[in-house]
Amino acid sequence: MSTTTRFEIVPVAGALGAEIHGVHLSENLDDTLISDIRQALLDHLVIFFRDQELSPEQHLAFAQRFGELDDHDFVKGLPDYPHILHLVKEADETGINFGGTWHSDVTYQEAPALGSILYALDVPPVGGDTLFANQFLAYETLSDGMKELLDGLMCIHSAKGIFGLDSYADKKFKHMAVEPSEKADEEVEHPVVRTHPESGRKGLFVNRNFSTRFKGMTPEESAPLMNYLFEHSKREAFTCRFRWEKGSIAFWDNRSVMHFALNDYPGYRREMHRVTIAGDRPF
Ligand code: SIN
């Protein structure tokens, strides 16, 4: 546990993650406090707040202190708040859940998100936790030979498998405003090893949702190494797990963290609001 002058930081796991105590995000926070929260995010990669009460306006205002907001290409926001994604799984829904594969958000964009701020409105009595994995550790624990191989490699990302016309995304997420489109076929390339623009640390930057192949290779040629990286990047020692309560918030750094929403709450409802902060082009 450490204490800044304004709030307390309680790490939740060895790899990443910390709860921030003593801040009410609905208040008008001054620049020093925002800069301390930003530092806590850089230090812990994902930060958690409990017992918050945020109106949509307050949620958006808090997110805007960290950058421009991202427009999701395939999920429509709330009618009056287009930058707020409504992530909901109803009690009677079966099948997959949104975010139920290890991923970083919107890596199919040229400039993927800086981070996302997820706010819990309704949670199951048990289950529906979110897992996070530290991608700096994922990179740093590779052998020198593997690091050398990956350092020069580029990866092709696309939203086709999740939000493409053939993906049935609209049918999979029955109660969400998902709009599959052929725009999902577009491809972008990002380095497999990304340098964090603020801390300068190197991290792995591939994910099962959107990374399709290595540049210059076929999907089949890419698959063995890609699958190894997908498995390696979520090893238990790199993760933390967050148990939600109504009013909890998770704020993750999408440039260094992957996340996974557990789908273990059949018969219960889970409802979240997500605001995504736009990022910059990976290098
Ligand atoms: C997401 O991938 O943004 C969803 C995470 C969650 O619902 O826990």
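H273 is found in strand β17, and in this predicted model it counts as buried, at 11% relative accessibility. Setting aside neighbours within four places in sequence, H273 is in contact with H59, L78, I84, L85, H86, I117, L118, Y119 and L121. Two of these names are worth keeping in mind: H59 is one of the buried residues of helix α2, and L118 is among the residues that surround the ligand. The points below work outward from there.

**The ligand site**
- The residues around the ligand are L87, G99, H103, L118, T130, W252, H259, A261, R270 and R274.
- For polar contacts, start with R274, where a side-chain N or O atom is 2.8 Å from an oxygen atom of the ligand.
- H103 has a polar side-chain atom 3.0 Å from a ligand oxygen, and an N or O atom in the side chain of H259 is likewise 3.0 Å from an oxygen atom of the ligand.

**Strand β15 and its partners**
- Five of the five residues of β15 are buried, so this strand is largely enclosed by the rest of the structure.
- Both faces of β15 are covered, with I249, F251 and D253 buried on one side and A250 and W252 buried on the other.
- That split fits a simple pattern: in a regular strand, side chains alternate between the two faces of the sheet.
- W252 also belongs to the ligand surroundings.
- β15 runs antiparallel to β4, joined by four bridges, and F48 stands opposite A250 there.
- β15 also runs antiparallel to β7, this time with five bridges, and the bridge partner of L118 in β15 is A250.

**Helix α2**
- Helix α2 covers residues 56-64, and its buried residues are H59, L60, F62 and A63.
- These buried residues cover an arc of only 160 degrees around the axis, which puts them on the same side of α2.
- The reason such spacing works is that an α-helix has 3.6 residues a turn, so residues three or four places apart point the same way.
- The cover over the buried residues of α2 includes α1, β6, β7, β15 and β17.
- E57 is found in α2 as well, but is partly exposed, with a relative accessible area of 45%.
- For a sense of scale, the C-alpha atoms of E57 and T195 are separated by 33 Å, with their positions 138 residues apart along the chain.

**Helix α1**
- With 14 residues at 1.5 Å a residue, α1 should span 20 Å, and its end C-alpha atoms are 20 Å apart, which agrees.
- D30 caps the N-terminal end of α1, placing a side-chain oxygen 3.1 Å from the backbone nitrogen of T32.
- Following α1 comes L45, which has a positive phi, near 75 degrees.
- Buried residues in α1 are L33, I34, I37, A40, L41, L42 and H44, and what covers them includes β2, β3, β4, α2 and β15.

**Strand β9**
- Which strands pair with β9? One is β10 (residues 187-191), antiparallel over five bridges, and another is β13 (residues 211-214), antiparallel over three bridges.
- S158 stands opposite E187 in β10, while the bridge partner of I156 in β13 is R213.
- Four of the five residues of β9 (residues 154-158) are buried, so β9 is largely enclosed by the rest of the structure.

Conventions:
Residues are numbered from 1 along each chain as its sequence is written. This is a predicted model: local features need pLDDT of at least 70, side-chain atom pairs count only at pLDDT 80 or more; totals for chains, interfaces and linings use all residues. Side-chain values use heavy atoms; hydrogens and water are left out. Buried means under 20% relative accessible area, exposed over 50%, partly exposed in between (1.4 Å probe, protein chains only). Helices (H or I, at least four residues) and strands (E, at least two) are DSSP runs, numbered from the N terminus. Two strands pair if DSSP finds at least two bridges between them. The arc is that of the directions from the helix axis to the C-beta atoms. Contact means heavy atoms within 4.5 Å. The expected span of a helix is 1.5 Å times one less than its number of residues. A polar contact is a pair of N or O atoms within 3.5 Å; within protein, one must be able to donate a hydrogen and the other to accept it, and residues adjacent in sequence count only if both atoms are side-chain atoms. A residue is near a molecule or strand if one of its heavy atoms lies within 4 Å of it.
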